[in-house]
Amino acid sequence: MAEQKIKIIIENRKARHDFAILETYETGIELTGTEVKSLRAGKANFKDSYAQVTNAGEVFVYNFHISPYEHGNIFNHDPLRSRRLLLHKGEIRKLIGKVKEKGYTLVPLKLYFKHGLVKMELALAVGKKTYDKRQELAKKDARREMERAIKERNR
């Protein structure tokens with residue numbers, strides 16, 4: 001079996017803290033040449049980015065910043081333009097039904113190269129409440145303390 005070549009460009013760690021992830025989808029993304037070159041240099045940012053399904057049945061990602069290519073010319077791209085995500089019709093229909101429900105949103109999690117193509121991991125998510133976030137942090141701290149205590153005892 002052939003090994004898949006995956007190189008992660010950026011990851012949205014804040015999304016996993018702010019949202020409860022229900023489902024993930026691997027999508028393609030429509031880019032220009034200079035955008036791909038910027039991504040190969042690792043010049044991208046997910047801060048405040050989100051995805052939406054339009055009335056035409058297409059999915060777009062908004063506020064996804066890809067820095068202009070340094071060696072580009074007048075044909076460089078707009079860093080914050082909306083970019084179309086490439087999904088199957090069935091997946092889009094499923095997302096339309098879910099996103100119309102109250103509280104569901106589409107959040108980009110990762111951007112990576114897979115066999116030379118740029119792919120985005122898109123998540124169907126629900127926003128966490130503040131007390132959920134605090135509870136999760138408390139569990140993480142307790143787990144760390146237990147691991148430290150076990151490590152100290154085994155010395």
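Which strand is Ile21 found in? The close-ups below start there, and they come from a predicted model.

**View 1. Ile21 sits in strand β2.** Let's answer that opening question: Ile21 belongs to β2, the strand made of residues 19-29. Look at its surroundings and you will find that Ile21 touches Arg16, Leu109, Ala123, Leu124 and Ala125, leaving aside residues up to four places away in sequence. Ala125 deserves a second look: it is 104 residues from Ile21 along the chain, yet the C-alpha atoms of the two are separated by 4.5 Å. Is Ile21 buried or exposed? The answer lies in between, because its relative accessible area is 28%, and partly exposed covers the range from 20% to 50%.

**View 2. Helix α2 has a buried face.** Helix α2 spans residues 33-40, and its buried residues are Thr34, Glu35, Ser38 and Leu39. Why do they line one face of the helix? Seen down the axis of α2, these buried residues fall within an arc of 145°, so they share one face. A general rule helps here: an α-helix has 3.6 residues a turn, so residues three or four places apart point the same way. The cover over the buried residues of α2 includes strands β1 (6-11), β3 (44-45), β6, β7 (83-86), β8 and β9. Just after the helix, look for Gly42, which takes a positive phi of about 80°.

**View 3. Strand β8 pairs with β1 and with β9.** β8 is mostly covered, with 8 of its 11 residues buried. On the β1 side, the two strands run antiparallel and are joined by 5 bridges; here Lys7 has Phe113 of β8 as its bridge partner. With β9, β8 also runs antiparallel, and 10 bridges join this pair. One place to spot the pairing is Pro108, which stands opposite Leu122 in β9.

**View 4. His115 lies in the loop between β8 and β9.** β8 (104-114) and β9 (117-127) form a hairpin with 2 residues between the strands. His115 takes a positive phi near 55° there, and this residue is not a glycine. His115 counts as exposed because its relative accessible area is 52%, and the cut-off for exposed is over 50%.

**View 5. Asn63 is in the loop between β5 and β6.** Here you can look between β5 (59-62) and β6 (65-66) to find Asn63. Its phi is near 60°, another positive value in a residue other than glycine. How exposed is Asn63? Asn63 counts as partly exposed because its relative accessibility is 34%.

How values were computed: Residues numbered from 1 in each chain as written. Predicted model: local features only at pLDDT ≥ 70, side-chain atom pairs only at ≥ 80, totals over all residues. Heavy atoms only, no water. Helix = DSSP H or I, 4+ residues; strand = E, 2+ residues; numbered from the N terminus. Buried < 20%, exposed > 50% of the residue type's maximum accessible area, 1.4 Å probe, protein only. Arc of directions from axis to C-beta. Contact = heavy atoms within 4.5 Å. Pairing = 2+ DSSP bridges.
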